[in-house]
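Q: Got a minute to go through this one with me? I'd like to start at the ligand and then wander off into the protein.
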Amino acid sequence: MSPTTPEELAAAVRALPRVLPVGAGTKARLAAVAPGVTPVSTRALRGIVEYEPDEFTFTARAGTPLAELAAVLAERGQYLPFDPPLATAGATLGGTVAAGLSGPGRWRFGGVRDFILGARFVDGEGRLLRVGGKVVKNAAGFDLPKFFVGSAGCCGVLAELTFKVFPRPAATRTLRLTARDAADQVRLLRVCAGGRWELDALEAAVDEPAVFVRLGAEEAALGPLVAELLGRFPGRELVTAEAAELWTTVTGFGWAHPGGALAKVLLTSGEVPAFVTWVRAQAGARAWIGAGGNAGYVSLPPARPVAVSPWAGALLRGNGPRWLGPRRTAAVMAAVKRALDPAGRFPDFED
Amino acid sequence: MSGSPDPARIRAELAALLGPSSLLADEAPLAAYESDGLTAFAARPAAVIAPRTADEVIATVRWCHRHGVPFVARGSGTSLSGGALPVSGGIVITLNRLNRILRLDPAERIAVVEPGVVNLAVTQAAQPHGLHYAPDPSSQPVCTIGGNVAFNAGGAHCLKYGMTSNHVLGLKAVLATGEVVEFGGASREQVGPDWMGLFVGNEGLFGIALEVTLQLLPRAECFHTVLAGYATLEQAGDAVAAVIASGLLPGAIEIMEQLALQAATAAVHAEYPPGCEAVLIVELEGPREVVAADRLRLDAILAASRPVEVRPARDGAERLAIWKGRKSAFSAVGRLSPDFIVQDGVVPRRRLGEALRRIQAWSREAGLRCANVFHAGDGNLHPLILYDGREPDGLRRAEELAGRILRMCVEMGGSITGEHGVGVEKRDYLPIMFPPEELDLLRRVRAAFDPAGIANPGKMFPAGAAPALTHTGLHPLERAGVIARE
Ligand SMILES: Cc1cc2nc3c(=O)[nH]c(=O)nc-3n(C[C@H](O)[C@H](O)[C@H](O)COP(=O)(O)OP(=O)(O)OC[C@H]3O[C@@H](n4cnc5c(N)ncnc54)[C@H](O)[C@@H]3O)c2cc1C
């Protein structure tokens with residue numbers, strides 16, 4: 001099923017007993033359909049509905065490819081600052097929200113949860129409902145748009161989303177700083193995070209103790225900032241093409257095993273050494289550290305399952321349970337699920 | 001409140017449960033809890049509980065749940081929408097004694113605090129480490145983190161870094177069912193539905209926040225703060241639209257109008273360019289090189305916006321003076337008039353000038369003075385409508401004007417509230433934003449957290465939806481005999 005309008009989407013949901021919304025399938029585990037469940041694709045539910053460049057907001061259908069959006073925003077010098085991942089692989093806006101995924105740019109101003117303003121979605125009864133608003137600030141009603149971030153299709157099908165955007169910095173520069181080991185990497189991440197530089201992105205590698213830093217501002221301001229950072233820490237600046245390749249690889253998980261498992265786990269910067277040790281203990285594992293040490297991404301060769309994770313996480317690709325590591329459950333979670341989906345049309349949180 | 005025990009019994013049982021020292025029983029202190037920042041309304045609770053520990057809060061909420069007694073959480077009572085207004089015959093749980101900063105971790109840049117911690121105290125504790133807590137409501141010297149979480153409070157510096165919700169990483173809460181839950185944690189990233197995002201901004205209708213993990217940001221190295229005076233309010237509004245459209249990302253963009261300027265001048269000896277109907281405050285912040293580059297662009301935009309005068313702050317003291325004037329404006333205006341109500345609607349930023357012109361015309365029509373002091377960069381209006389409660393129809397006329405403004409905000413595609421919440425004050429306006437099906441969705445979510453409707457009943461949802469209220473008086477709440485005018 002691939003409805004072309006929100007109304008058709010609502011009708012499709014009403015007609016099916018069990019539904020899983022799917023976008024472009026770039027997070028294959030989250031798009032995996034269990035027996036007896038019908039996938040409803042947002043492939044044909046695409047396009048920008050409203051874009052107000054002077055207002056720095058847009059509304060787009062859930063199936064709109066990120067790449068298409070980015071191109072339209074770029075014409076006006078604007079962007080979604082959290083670098084939504086997997087854009088070149090075809091990822092959609094709705095899938096990004098449902099997976100709760102943010103890329104390197106989330107470091108400075110926050111992630112997908114911090115930029116979503118409103119949504120139209122189809123609930124478990126097949127009703128097309130609006131939550132949130134269309135202006136950058138709005139405190140009326142509960143903040144359900146945020147709730148849908150990371151909800152993985154368990155509570156409804158997103159039809160349309162409203163986001164705020166920011167002006168794209170005039171210029172960016174990327175540095176590769178070198179640490180001695182994982183502990184030194186933590187020190188470097190923390191010094192960079194606490195400094196005066198207002199970094200755009202702060203990421204780290206696992207196969208080598210490197211820290212990657214991106215700055216964004218007017219060209220005139222960047223020279224002295226780069227010089228100061230390179231004066232303080234060992235490392236070098238990446239030339240433009242090298243930097244572009246790095247960020248494409250990071251936002252596209254280009255470092256991960258093709259066809260293998262890919263998982264995201266939640267960290268704090270202090271947990272980075274333990275994460276590195278955990279990754280090294282798994283044969284063939286590759287990994288990346290995002291958001292200043294707050295997210296760990298790990299990939300395993302095809303057919304190899306991710307080991308039991310000490311950290312809460314989500315499996316984006318590969319076979320296994322959707323959620324990893326310690327889970328919190330509460331009676332209220334089931335109650336909210338029932339409020340949005342009384343008949344259980346959508347997957348359970350724990351499926 | 002049919003069915004719930006009488007006040008004397010409530011007090012006796014709670015005193016037995018918590019010990020007498022957690023119960024404020026004297027008439028005089030109780031009176032202080034009858035209203036919040038929306039002083040037009042007051043209600044007498046059966047009891048005021050001041051717990052010392054999270055466990056006491058949990059025990060109190062569980063007792064309320066068992067007995068069907070409504071409760072209202074209270075921080076410092078600065079809500080401007082009647083969010084902390086007691087329910088007559090219910091209890092107030094005041095959280096000021098839960099005011100410990102449990103953990104401050106400068107390396108991870110987080111603070112774990114109890115709900116009664118005052119907003120500014122977080123920044124004060126973080127300052128020695130070069131850090132601060134970004135959301136800065138004008139009430140920050142008194143309002144609490146618990147109240148901020150309940151209302152998703154904003155402030156002048158929310159343009160660049162967002163509201164309370166964007167800075168809360170985790171929280172522990174006792175829900176109205178007595179269930180204790182934990183959402184989020186110390187990481188800045190998340191997986192699974194954003195429960196925390198849903199909890200923030202619940203207006204006290206889900207339960208009580210017991211512990212909140214906040215992210216701290218490094219204090220900006222450099223500020224450039226400009227005050228620009230304009231002959232008309234509309235010109236100031238248009239200047240805001242021009243700054244936003246230019247692609248600059250200031251930390252703050254605020255407007256103060258004539259009446260507010262006079263008030264701030266009288267209250268804190270602020271000085272403003274003469275002959276101006278409005279003053280715009282724009283603040284750039286960041287590394288000094290970035291501020292220097294952005295400053296050139298800002299200067300050019302402001303020069304083209306036909307200001308009467310542009311005054312950049314030359315040093316830290318002048319910057320602080322600008323902010324002192326701005327942040328004192330609310331209370332200062334309060335001194336101009338026996339009573340006032342503050343509205344909090346949001347309009348698309350490109351329509352600010354138009355919105356302000358309409359508000360001016362309508363207040364003239366209504367014969368009421370209206371002072372605008374607001375977060376212009378977000379399109380978040382704060383018209384302060386001055387009235388005299390001793391005049392028989394003073395409040396009614398003020399509310400009528402407020403209603404007109406709120407309708408305009410929604411018609412323009414905005415919102416009835418940007419940061420003060422719906423509370424009691426705007427609950428009858430919620431339906432102009434959300435049609436019945438969507439209101440029903442909000443009610444279903446509320447019922448999932450609070451099936452018995454005992455957490456802050458009578459707030460957010462239009463009258464009639466509030467299980468604890470009936471209408472028999474003047475104002476819907478007055479009619480119910482639930483509240484009285486001071
Ligand atoms: C002069 C002045 C200036 C202001 N400026 C701003 C501003 O710039 N930006 C802004 O956003 N607001 C502003 N406000 C409004 C107000 O200060 C905020 O709404 C603030 O967040 C309220 O905090 P409080 O501690 O006073 O909470 P209260 O007024 O005591 O309570 C507010 C709401 O929170 C609930 N609550 C309190 N504690 C808890 C808890 N622990 N768990 C669950 N619910 C709880 C209450 O039930 C109530 O519904 C201003 C108010 C004044 C008087």
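Q: Which polar backbone atom is 3.5 Å from an oxygen atom of the ligand?
A: That's a backbone atom of Glu203(B), 3.5 Å from a ligand oxygen. Bear in mind that this is a predicted model, where local features need pLDDT of at least 70, side-chain atom pairs count only at pLDDT 80 or more, and totals for chains, interfaces and linings use all residues. Residues are numbered from 1 along each chain as its sequence is written, chains are lettered from A and ligands numbered from 1 in the order in which they are written, and side-chain values use heavy atoms, leaving out hydrogens and water.

Q: And what does Asn456(B) do with a ligand oxygen atom?
A: A polar side-chain atom of Asn456(B) sits 3.2 Å from an oxygen of the ligand. A polar backbone atom of Gly147(B) is 3.3 Å from a ligand oxygen too.

Q: How much of the ligand's area does the protein bury?
A: The protein buries 95% of the 980 Å² that the ligand exposes when taken alone. Those areas come from the Shrake-Rupley method with a 1.4 Å probe, and for residues only the protein chains shown count as cover.

Q: Which residues come nearest to the ligand?
A: Ala73(B), Gly75(B), Thr78(B), Ser139(B) and Thr144(B), out of 35 around the ligand. A residue counts as near when one of its heavy atoms lies within 4 Å.

Q: What's the shell made of, by class?
A: It has 14 nonpolar, 18 polar and three charged residues. Here Ala, Val, Leu, Ile, Met, Phe, Trp, Tyr, Cys and Pro count as nonpolar, Asp, Glu, Lys and Arg as charged, and the others, Gly among them, as polar.

Q: Which element gives the largest share of that shell?
A: H5(B), with five residues. In chain B, strand S3 (71-74), helix H5 (145-151) and strand S10 (207-215) each supply at least two shell residues. Helices (H or I, at least four residues) and strands (E, at least two) are DSSP runs numbered from the N terminus.

Q: Switching to chain A: which residues of H9(A) are buried?
A: Ala243(A), Leu246(A), Trp247(A), Val250(A) and Thr251(A). They share one side of H9(A), because they cover an arc of only 115° around the axis; the arc is that of the directions from the helix axis to the C-beta atoms. Ala241(A) and Glu245(A), on the other side of H9(A), are exposed. Buried means under 20% relative accessible area, exposed over 50%, and partly exposed in between (1.4 Å probe, protein chains only).

Q: What span should the twelve residues of H9 in chain A have?
A: At 1.5 Å a residue, 16 Å for residues 240-251, and the end C-alpha atoms are 17 Å apart, which agrees. The expected span is 1.5 Å times one less than the number of residues.

Q: Where is Phe253(A) found?
A: In the loop between H9 and strand S14 (261-266) of chain A. Phe253(A) isn't a glycine, yet has a positive phi of about 50°. Most residues other than glycine have a negative phi.

Q: Is Phe253(A) buried or exposed?
A: Buried, at 6% relative accessibility. Arg306(B) also has a positive phi, about 55°, without being a glycine, but counts as exposed at 60%.

Q: Last one: which side chain does Thr162(A) make a polar contact with?
A: The side chain of Thr59(A), at 2.9 Å. A polar contact is a pair of N or O atoms within 3.5 Å; within protein, one must be able to donate a hydrogen and the other to accept it, and residues adjacent in sequence count only if both atoms are side-chain atoms. Thr162(A) lies in strand S8 (residues 157-164) of chain A and is buried, with 5% relative accessible area.
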